Amino acid sequence: MPPLHPETGTPLHPETGTPLHPGTDTPRHPGTDALRRIGHPAPRPDPADASPHAFPDGGRWRTEVPSVEGPEALAAVLAESARLDVPVHRVSQGSGVWMLTDAEIAEMVAACGERDVELCLFTGPRGTWDTGAATRTDSGGAGPRARGHDGLAGCVEDALRATGLGVRSLLVADEGVLWTLHRLRTAGILPAGTRFKVSALIGPVNPAAYAVYERLGADSVNVPSDLTTAHFTEIRRVSRAPMDLYVEAPDDLGGTVRLHEVAELVRRAAPLYLKFGLSRAAGIYPYGAHLREHALATARERVRRGRLVLDQLARHGAAGIMSPAGSHDPGPLTRFPVAD
């Protein structure tokens, strides 16, 4: 692992001490050269807007395929990623640990282990599936957060069960759950290498909130896909915690499609997990066999979307700053102190 800057965490060249990916070394903006040739002014990227951060391996971006709901969908994703040459750093599941049998979880752990892919399962229960009527009002109530002690305890039980079966990455949709799981990790009750990922369902929309999630124990934070590039720059001034972003979001998260600006997203938001979601696709949570054909078809299409993203990054000069396959370390992060 390259040495890190003591204050920013930016990877440094082992001999020169300079940043491996300085903000001034930026991918090109689309269409710039052609527009300038006909006299059309094109704005130049401001080096001050670029994120100074990277993953510990020096990479600026990684990939994630979401909504991989079970062993069969995982097999489809891995086969399609091999066929289309799409490197996959992480797969995530949205229905929840409790929607999988022990045998299914073990099968997914083994398959991901063979390809050195991070497997991230959702903890629950979540308030949106609970008895609280407020979650079904226009205001959304408390949304997906864990309701009451039983909701919190259920998430803890999911975490213990999943990690006991070899899972080392967990999705959370509640600040209290995140802090509790981090305390359990610090105490050695959960494995020290367990990583926590904040769900897009509660993603922060300002830099102070983002920094709070990092300090509560998050190892990566999914922000809403409708944040502006300026918002990403603001976040990167206060936190280097890896960011997760749907470059194409499901309809229930806005349906945003940002494939055309993916190189700029990397420039502003690194270290960044690029999530290959799908708009105009029916939801599949909670998943069951009755949704099998749709789940498999959308799993394959998510990988194809990933191929489109990778091609775009290559065209704009950003393909070479990917983390190596198999990289999962979030790097050094800032935490609130945990009382004894």
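In this predicted model, strand β6, which spans residues 220-222, runs parallel to β7 and is joined to it by two bridges. One residue pair places this contact along the chain, since Val-221 has Met-243 of β7 as its bridge partner. Between these two strands the chain passes through helix α7, residues 229-236, and the resulting β-α-β crossover from β6 to β7 is right-handed.

Strand β7 itself, residues 243-248, is mostly covered, with six of its six residues buried. Besides its pairing with β6, β7 also pairs with strand β8, residues 272-276, again in the parallel sense and here over five bridges. Within this pairing, Leu-245 stands opposite Leu-274, the latter belonging to β8. The connection from β7 to β8 leads through helix α8, which covers residues 262-269, and this β-α-β crossover is right-handed.

From the covered strand β7 we can turn to the surface, where Trp-98, Met-99, Trp-129 and Tyr-285 form a nonpolar patch whose accessible area comes to about 370 Å² together. Of these residues, Met-99 can be placed in the chain as part of the loop that lies between β2, residues 90-92, and helix α3, residues 102-115. Is Met-99 to be described as buried, partly exposed or exposed? Its relative accessibility is 34%, and therefore Met-99 counts as partly exposed, because that class lies between the limit for buried, under 20%, and the limit for exposed, over 50%.

Definitions and conventions. Residues are numbered from 1 along each chain as its sequence is written. This is a predicted model: local features need pLDDT of at least 70, side-chain atom pairs count only at pLDDT 80 or more; totals for chains, interfaces and linings use all residues. Side-chain values use heavy atoms; hydrogens and water are left out. Patches are made of residues with over 30% relative accessible area and no salt bridge: like charges are joined within 9 Å, nonpolar side chains (Val, Leu, Ile, Met, Phe, Trp, Tyr) within 5 Å. Accessible areas come from the Shrake-Rupley method with a 1.4 Å probe; for residues, only the protein chains shown count as cover. A salt bridge is a side-chain nitrogen of Lys or Arg within 4 Å of a carboxyl oxygen of Asp or Glu. Helices (H or I, at least four residues) and strands (E, at least two) are DSSP runs, numbered from the N terminus. Buried means under 20% relative accessible area, exposed over 50%, partly exposed in between (1.4 Å probe, protein chains only). Two strands pair if DSSP finds at least two bridges between them. A crossover is right-handed if, with the strands pointing away from the viewer, the path from the first strand over the helix to the second runs clockwise.
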